[in-house]
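Me: I would like to go through this structure step by step, with a reason given for each answer. Please start once the sequence and the structure are shown.

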Amino acid sequence: MADAVDMDAFAESFKAFAIQGDTKATGKDMTNKNWAKMCKDCKVIDGKKVTGTDVDIVFSKVKDKSARTITLGQCKTALEELSAKRFPKDDEGKNKTFALIAGKKPGTTGATKAVKAGGVDRLTDTSQYTGSHKERFDASGKGKGLEGREDRAENTGYVGAYKEAGTYDKK
């Protein structure tokens, strides 16, 4: 089918896109959302010849009637159908389409990045903490966890304000 394209790299890309955003996914089948993301990230969708609507229609066409996902074989069939639209009158259209996807991983476009403003740096500098907040961190600035946050009560059986604990037998 695609001689010039490394199909192992294509299968790895399929698996990477199939598990994107779903912790329970095995990577053996892909949802419509992940299929559309793969087509968009790998530039199969060009906005002129192949659109998002085309991708959705092809997905519905190749999946089983009652299924919500497609397998690797169905993905290849769908890409062959899209390649005829993406690269018309080109004998190497299938290879070009598979080459667009082979070796690619899902991107994180639009992900929130950590802000490094002056106020944030000042507020997160543990060396400037005072009072009870200072006790929550060690000298390196690493948090102590539960031991730094709570007052640990002694469970010795004596009342908390009793000052002569442990002297009962010494009288």
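Me: Does Gly107 count as buried, partly exposed or exposed, and what is its relative accessibility?
Reply: The model is a predicted one, and in it Gly107 lies in the loop between helix H5 (93-101) and helix H6 (118-123). A residue is buried under 20% relative accessible area and exposed over 50%. Because its relative accessibility is 29%, Gly107 counts as partly exposed.

Me: Which residues does Gly107 contact, leaving aside its neighbours within four places in sequence?
Reply: Gly107 and Met38 are 69 residues apart in sequence, while their C-alpha atoms are 9.3 Å apart in space. With the neighbours within four places in sequence left aside, the residues in contact with Gly107 are Lys37 and Asp41.

Me: How do the axes of H2 and H4 lie to one another: roughly parallel, roughly perpendicular or oblique?
Reply: The axes of helix H2 (residues 32-41) and helix H4 (residues 72-86) come within 13 Å and cross at roughly 45°. Angles under 35 degrees would count as roughly parallel, and those from 65 to 115 as roughly perpendicular. The crossing angle therefore makes H2, relative to H4, oblique.

Me: Where do the buried residues of H3 sit around its axis, and what do they pack against?
Reply: In helix H3 (residues 52-62), the buried residues are Asp54, Val55, Val58, Phe59 and Val62. They cover an arc of only 135° around the axis, so they are on the same side of H3, whereas Thr53 and Lys61 are exposed on the other side. The buried residues of H3 pack against strand E1 (29-31), H2, strand E2 (69-71) and H4.

Terms used: Residues numbered from 1 in each chain as written. Predicted model: local features only at pLDDT ≥ 70, side-chain atom pairs only at ≥ 80, totals over all residues. Heavy atoms only, no water. Axes fitted to C-alpha atoms, helices over the stretch in contact; angles between N-to-C directions. Helix = DSSP H or I, 4+ residues; strand = E, 2+ residues; numbered from the N terminus. Parallel < 35°, antiparallel > 145°, perpendicular 65-115°, else oblique. Buried < 20%, exposed > 50% of the residue type's maximum accessible area, 1.4 Å probe, protein only. Arc of directions from axis to C-beta. Contact = heavy atoms within 4.5 Å.
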